[in-house]
Amino acid sequence: MYKENNLQKMLTERVLGPTGKGLGDVSSQLPITDTAQLGWNLLQEDVSLPVAVLSHSRVQHNLEWMRSFISTYGLKLAPHGKTTMSPALFHQQLAHGAWGITLATAPQVQAAYRFGVRRVIMANQLVGRANMAIISRLLQNPEFDFFVIVDSAANVEQLGQFFSQTGQRLKLLLELGVDGGRTGVRNEQDRAAVLDAIAAYPQSLALAGVEVYEGVLKDEVSIREFLRRAVRELMTLEANNLLTSDTVILTGAGSAWFDLVAEEWTKLDIGRPLDIVLRPGCYLTHDVGIYKASEARIHANNPVARSMQASLLPALQLWAYVLSIPEPGLAILGLGKRDAAFDAGLPIPAKHYRPGSEAPVAAPADWQLTAMMDQHAFMKVSADADLQVGDMLALDISHPCLTFDKWRQLLVIDDNYTVINAVETFF
């Protein structure tokens, strides 16, 4: 008898309150404890497809790998939460040694706070009264440790005026940028204007350190010079007594170049306690596309990564049915742009399973997705491919950030494809 799908009911009943506006700590509600008791197995077709799944063993491997990497360098980790926006996964990262969580917007910060995250770097500018009000409400809790980046005198002035009215003190990180890049101070004139603006609000603004995002650069030489510029900036701020926060931070590192950041900044000494914080987010699930290429470079060039032998492993897959084989050489899968990232390459067929067979097998190398519509994927196969309507395909992805945001829940499976948990997302 088909097992009733109660997962959606369980999840929708786990609300934050009747208005959705409560700010209490509900981290104790994170485990979806009934999921494992349902006894679902992916290969037995107990789960509706398409579905996004996380390999429990691979996620655990990646958590341990990054904890070992960071601790070897003596640095701290604040993984970028925008990748998953899953509080359950945030807490796994924190349990594996993360110093805090990085987020990109005020609503993301609020979502993390609601589920018990108490130290956040907002690696973005805080602009707009409603966004500032969100952070102000969270700062009413003295246990909430929050840092935000600034790169313009105009933004600093806006923050100074707002937080002087609330009587709170906001901790800022000066963001450095590069020509043609994203945000960040480009030149000495703008840098001086930002620092002057911060100094005008000594009661409501505190400069805590320096932030960069090196991912806007594409080669090792320019990235290393950018990172050294950040060190020089931090040393200059400290020498001139401009760092007015009790905590001093130097932070950078996306998911592609965190090894260079670790190499350049390890053992930095400014004469007082300093938190050097790396912010990669995609390491948790990795991928077979853009981050696989980065991982290969890291493993080849970084001595710590090489000494660890094992590499990061792709832990996120999508499963879909073959819906139609309308002509020789073409299969249509029940998966599309609403289900998977497509900005950094289409999903890649990894495993093929025919319900009732013994186990999944590797998908032939010539099976290739050529296009996706909203809820259909076009897969090129050989004219005589052993493929039937109703067969199941596991697909690897490139760029986990834009796959996670398409799912409200992801199932966690063990190595036998049994569902052992589920995690929610809050995009």
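Apart from neighbours within four places in sequence, Asn302 is in contact with Phe69, Tyr73, Asp259 and Glu263. The model is a predicted one, and this briefing follows Asn302 to helix H2, whose buried residues include Phe69 and Tyr73, before turning to the largest pocket and to Leu333 in strand E11.

**Asn302 and its surroundings**

- Asn302 sits in the loop that lies between helix H10 (290-301) and helix H11 (303-307).
- Because buried means under 20% relative accessible area, Asn302, with a relative accessibility of 0%, counts as buried.
- The side chain of Asn302 comes to 2.8 Å from the backbone nitrogen of Ala305.

**Helix H2**

- Helix H2 covers residues 56-73, and its 18 residues should span 26 Å at 1.5 Å a residue, which agrees with the 26 Å that separates its end C-alpha atoms.
- The buried residues in H2 are Val59, Asn62, Leu63, Trp65, Met66, Phe69, Ile70 and Tyr73; seen down the axis of H2, the buried residues fall within an arc of 165°, so they line one face of the helix.
- Ser71 and Thr72, on the other side of H2, are exposed.
- The cover over the buried residues of H2 includes strand E1 (51-55), strand E2 (76-77) and strand E9 (275-278), together with helix H3 (87-95), helix H9 (258-265) and H11.
- Gly74, which comes just after H2, takes a positive phi of about 70°.

**The largest pocket**

- The largest pocket has a volume of about 650 Å³, and 31 residues line it, with Lys82, Arg182, Tyr213, Gly254 and Tyr291 lying nearest its centre.
- Strand E4 (119-125) and H10 are the elements that give two or more residues to the lining of the largest pocket, and H10 gives the most, with four residues.

**Leu333 in strand E11**

- Leu333 is found in strand E11, which is made up of residues 330-333, and with a relative accessibility of 0% Leu333 counts as buried.
- Although Leu333 and Val322 are eleven residues apart in sequence, their C-alpha atoms are 4.5 Å apart in space.
- When residues up to four places away in sequence are not counted, Leu333 touches Tyr321, Val322 and Leu323, and also Leu369, Gln375, His376, Ala377, Met379, Leu393 and Leu395.

Note on methods: Residues numbered from 1 in each chain as written. Predicted model: local features only at pLDDT ≥ 70, side-chain atom pairs only at ≥ 80, totals over all residues. Heavy atoms only, no water. Buried < 20%, exposed > 50% of the residue type's maximum accessible area, 1.4 Å probe, protein only. Polar contact = N/O pair within 3.5 Å; in protein donor to acceptor, adjacent residues only side chain to side chain. Contact = heavy atoms within 4.5 Å. Expected span 1.5 Å × (residues − 1). Arc of directions from axis to C-beta. 1 Å grid on protein atoms, 1.4 Å probe; cavity = no way out; pocket = protein on both sides within 12 Å on 5 of 7 lines; lining within 4 Å. Points joined across faces, edges and corners; volume = space filled by probe spheres on them.
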